[in-house]
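The following exercises are to be worked with the model open in a viewer. Each task is followed by a solution that proceeds step by step.

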Amino acid sequence: MPKANVTFEKLGITVSVPAGTRLIEISEKVGASITYGCREGECGTCIMKITSGMEYMSERSVLENQVLQDNMAGRNDRLACQAQVLGGDISVKA
Amino acid sequence: MKTALEAVEITPGTHWIGALDPGLREFDIILKTANGTTYNSYCVRGSQGVAVIDTVKASHSDEFFARLEQVARYDEISTIVLNHLEPDHSGALPELMRRAPQAKLYISAKAQLMLKALVRDSELDFTIVQTGDTVTLGDRTLRFFSTPFLHWPDTQCTLLEEQQILFSGDVFGCHFCDARLFNDRVGDFRFSFEYYYQHIMRPFREHVLVALELLEPLTLKLIAPAHGPILREAPRSYVQRYRQLASPLLPNEIGAHDKSLLIFYISSYGNTARMAQAVSEGAETIAGVRVSLYDLQAGGDLPFVDLIEEADGIVIGSPTINGDAVKPVWDLLSSLAVIKVSDKLGGAFGSYGWSGEAINMIEDRLRGLKLRVPVKGVRARLIPAAEELERCHDLGRQLALHLTGSLANRVISMSELLANSHE
């Protein structure tokens, strides 16, 4: 199964995960300092900054795009509850 | 107390045109005041225009307009500056802009969305300003200083250069109502100044230090804040006081590179206390970490909040009683809104009789406050066994290793992660 390596920069931990894993599944277990709200892509609470490897993330859905826009998120922000890692090396600011 | 609606000259050509609210006892739900507050607004007359700096709460608009009309006609107003968009300063803005439609509105970039949400007028025109930008009134110049998060994202200060007056918004302000207005004439307001800082500015201490770098070099004859007395006597002392209040003190006590880990516990039968001791001993095995152990039963939360503000990590030990952590723990955790805790390290442990929910609940709260909780907490049924105390020892040790950065750059698999988190 293809793997992705997700590095949590503040924690200094890299987690090797199966492709297709959502960021929230990893961030919750690793103890990252992220707050979660609805977990369904609507509230924007779990916005997370991707510092590298955005090309290895799933495309933003229409819903995620809208929520990110509403929250004035930057180009490198994603919703942890929506974004899936598809492979390669990804770093997040958490 | 003077009640006449007089504009008050603070320096030649510059007037206070704000409003007094002496009956207010509770501000924004969270702040108490023993003698009300003022909503300070100012009018600056230049050779080629008149500026209004900030407005007042909507309920006090009549007072504001009455004072404004004594010192300027509406068609003379060329400039309106809002240093901060909170409703107590922007409340009279829509009506002011209706009466002075030719006036240009100057706000910070971060204020844009707040303005739209507060005024609800899509046609509203405004100009964004940042540090270094100026607006001329002919022989007088307003210079802007962006001071974000003092105490909202939008906050800025405005300097009247020629008179060296700093219109500081909520910075250096306080909730204290005294019609004598000036700091050398009003009653003793020192506690109000300190209280305001502690509740309004303190959560943004790092931003205060950044803003002071901008403001400290200025020569200031007078500070005109948006609440409370106008600071014309020794204005610099208030700037210096902010520097003192915002500067970290812990580095004086421990090594500059040492980390501080605080362990708080409360215990009914001594079981959680034993666990706390083990966590402490585990953490102490790691060099470069100063470990402190506190029993929450011994005191209120106030001094603990001060300690947490400067600590690098906190570990909370609580028994589970009726499916919950105990009240002193929640009292402490609900008191942290006045300080910045995000990105500190957190952890939890505790003894329980039946169920042991407290540990997960504390961890959730710590994560909710944006602390990192990298090590799963330890639960022990009733009297902790040697093996459970060993796990507490390891919890302390692991947290200390995280603090010192010794565990950085670890690589683990998802399955290891899942196994650890289900312990």
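**Exercise 1. The two domains of chain B**

The C-alpha centres of domain 1 of chain B and domain 2 of chain B lie 42 Å apart. The model is a predicted one.

Task: Determine which residues supply 78% of the area that domain 1 of chain B buries against domain 2 of chain B, and describe the polar interactions across this interface.

Solution.

Step 1. Set the bounds. The domain assignment places 8-246 of chain B in domain 1 and 252-421 in domain 2. Six residues from domain 1 of chain B and eight residues from domain 2 of chain B take part in the contact.

Step 2. Evaluate the area. Between them, domain 1 of chain B and domain 2 of chain B bury about 610 Å², with carbon and sulfur atoms giving 39%. The 78% on the side of domain 1 of chain B is supplied by Arg202(B), Pro203(B) and Arg205(B), more than any other three residues.

Step 3. Count the polar interactions. Four salt bridges are found across the interface of domain 1 of chain B and domain 2 of chain B. Arg202(B) forms a salt bridge with Glu309(B), with the closest N and O atoms 2.7 Å apart. Two residue pairs across the domain interface are in polar contact. On the side of domain 1 of chain B that touches domain 2 of chain B, α5 and α6 (205-215) of chain B each supply at least two residues.

**Exercise 2. A buried acid and a buried methionine**

Task: Establish which side chain makes a polar contact with the side chain of Asp170(B), and state whether Met201(B) is buried or exposed.

Solution.

Step 1. Locate the acid. Asp170(B) is in the loop between β15 (165-169) and α5 (190-201) of chain B.

Step 2. Search for a partner of opposite charge. Although Asp170(B) is buried, it has no salt bridge, and the nearest side chain of opposite charge, Lys57(B), is 12 Å away. A salt bridge requires the nitrogen and the carboxyl oxygen to be within 4 Å.

Step 3. Search for a polar partner. The side chain of His151(B) makes a polar contact with that of Asp170(B), at 2.9 Å. Beyond four places in sequence, the residues in contact with Asp170(B) include His84(B), Glu86(B), His89(B), Tyr196(B), Met201(B) and His227(B).

Step 4. Turn to the methionine. Met201(B) is found in helix α5 of chain B. The relative accessible area of Met201(B) is 0%, so Met201(B) is buried. Among the residues that Met201(B) touches beyond four places in sequence are Leu150(B), His151(B), Asp170(B), Val208(B) and Tyr242(B).

**Exercise 3. The interface between the chains**

Task: Find which element gives the largest share of the side of chain A that touches chain B.

Solution.

Step 1. Delimit the interface. In chain A, 20 residues are in contact with 22 residues of chain B. The two chains bury about 1,700 Å² between them, 61% of it on carbon and sulfur atoms. Ile13(A), Lys29(A) and Ser33(A) lose the most area to chain B in chain A, together 29% of what that side buries.

Step 2. Count the polar interactions. One salt bridge is counted between chain A and chain B. Lys10(A) forms a salt bridge with Asp343(B), the closest N and O atoms being 2.8 Å apart. Eight residue pairs between chain A and chain B are in polar contact.

Step 3. Assign the elements. β2 (13-18) and α1 (23-30) of chain A each supply at least two residues of the side that touches chain B. The largest share, six residues, comes from β2(A).

Definitions and conventions
Residues are numbered from 1 along each chain as its sequence is written. Chains are lettered from A and ligands numbered from 1 in the order in which they are written. This is a predicted model: local features need pLDDT of at least 70, side-chain atom pairs count only at pLDDT 80 or more; totals for chains, interfaces and linings use all residues. Side-chain values use heavy atoms; hydrogens and water are left out. Helices (H or I, at least four residues) and strands (E, at least two) are DSSP runs, numbered from the N terminus. Buried means under 20% relative accessible area, exposed over 50%, partly exposed in between (1.4 Å probe, protein chains only). Lys and Arg count as positive and Asp and Glu as negative; His and the chain ends are not counted. A polar contact is a pair of N or O atoms within 3.5 Å; within protein, one must be able to donate a hydrogen and the other to accept it, and residues adjacent in sequence count only if both atoms are side-chain atoms. Contact means heavy atoms within 4.5 Å. Domain bounds come from an automatic or database domain assignment. Buried area is the accessible area (1.4 Å probe) that two parts lose on being put together, summed over both.
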